[in-house]
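Let's take a walk through one sheet and the helices that lie against it. Have the model open beside you as you read.

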Amino acid sequence: MKCKICNKNNTRIFTSKILNKYEIDYFYCENCSFLQTENPYWIKESYRECINNTDTGILVRNIILSNIVSVLIYFFFNKNKKFLDYGGGYGIFTRLMRDIGINYYWQDKYSENLLAKGFEHNENERYELITSFEVFEHFVNPIEDIKCILQYSDSILFTTNILPLSIPKPSDWWYYGLDHGQHISFFSVKTLQFIADKYHLNLYTDKVSVHLLTKKKIDINVFNILVKLSKKGLLNFLKKAYKSKTWDDNELLKKVN
Ligand SMILES: [Zn+2]
């Protein structure tokens, strides 16, 4: 098989059972350290419920992420510009960010927008930053999606769990998502660096799960400290810089509807 990131030949490293029924192959690329499944013919079946049923962490994760992103926007981006959540699911994150006071919009080809109605992505828009959480590991053709995102912004902040250097066995890493079968692309730090170089972007990563690709130059130590402090409540000290859009949005939507 060809690697979907760098197009070099990759090699089959193991097989595993997904959705309790299909025995599938996993292919690893020595060149860019990207791990991919074989062509995901089961994918429609795995998306019957577009957000998988076992995702109990959905709200906690969105709240933590809204803290991290608001802090990073405060320090590194123009907070008065527009922002987009790509693959934004039900719109939880977009709503949380608007509640904090950031002009956020929603996009998702596969999910219904339940909580951020009226703030959908417009094809002609450019954004200061695009966020994309727990989406990259779902990409069937990651490069196509990344190219698409980069049409709208020079900066992507995203989460996906980093593939460990020593590739875990299928039974040893929950992130393979064997029960739901939706995770088909696994990125190492080397893969992310390959993507950054391909598009002339800088990569900043905590080497665990939070990654930023951007044209901006940022001090990686500051990035890491801010990610850590934002999980410990740093946003509470910055909140005065933001004005919540909860009521303004309510007024706006009443006028539109
Ligand atoms: Zn590769």
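Strand 7 and strand 10 are antiparallel neighbours, paired over 5 bridges. To find this pairing in the predicted model, look for leucine 157, which stands opposite leucine 212 in strand 10.

On to another partner of strand 7: strand 6 runs parallel to strand 7, and 4 bridges join the two. Here serine 132 has phenylalanine 158 in strand 7 as its bridge partner. The connection is worth tracing too, as strand 6, helix 4 (residues 142-150) and strand 7 make up a β-α-β unit that is right-handed.

Is strand 7 largely enclosed or largely open? Of its 5 residues, 4 are buried, so strand 7 is largely enclosed by the rest of the structure.

Now zoom out to the whole sheet. It is an open one, built from 6 strands in the order 5-4-6-7-10-9, with mixed pairing. Its edges are strand 5 (104-107) and strand 9 (202-205), each of which pairs on one side only. From one strand to the next, the twist averages 20 degrees.

Two helices that pack on this sheet can be set side by side:

| Helix | Strands touched | Angle between directions |
|---|---|---|
| Helix 2 (residues 58-76) | strand 6, strand 7 and strand 10 (210-214) | about 160 degrees with strand 6 |
| Helix 5 (residues 189-198) | strand 9 and strand 10 | about 155 degrees with strand 9 |

Helix 5 deserves a second visit. Which of its residues are buried? They are Thr191, Leu192, Phe194 and Ile195. These residues cover an arc of only 155 degrees around the axis, which means that they sit on the same side of helix 5. The general background fits in a line: an α-helix has 3.6 residues a turn, so residues three or four places apart point the same way.

What do the buried residues of helix 5 pack against? Their partners are helix 4, strand 9 and strand 10. Helix 4 is the helix of the β-α-β unit we met above, together with strand 6 and strand 7, while strand 9 is one of the edge strands. Strand 10, for its part, is the antiparallel partner of strand 7, which brings us back to our starting point.

One last stop lies just past this helix. Helix 5 is followed by histidine 200, and the phi of histidine 200 is positive, near 55 degrees.

Technical notes: Residues numbered from 1 in each chain as written. Predicted model: local features only at pLDDT ≥ 70, side-chain atom pairs only at ≥ 80, totals over all residues. Pairing = 2+ DSSP bridges. Axes fitted to C-alpha atoms, helices over the stretch in contact; angles between N-to-C directions. Contact = placed C-beta atoms within 7 Å. Buried ≥ 20, exposed ≤ 12 C-beta atoms within 10 Å, placed from the backbone. Right-handed = clockwise from strand over helix to strand, strands pointing away. Arc of directions from axis to C-beta.
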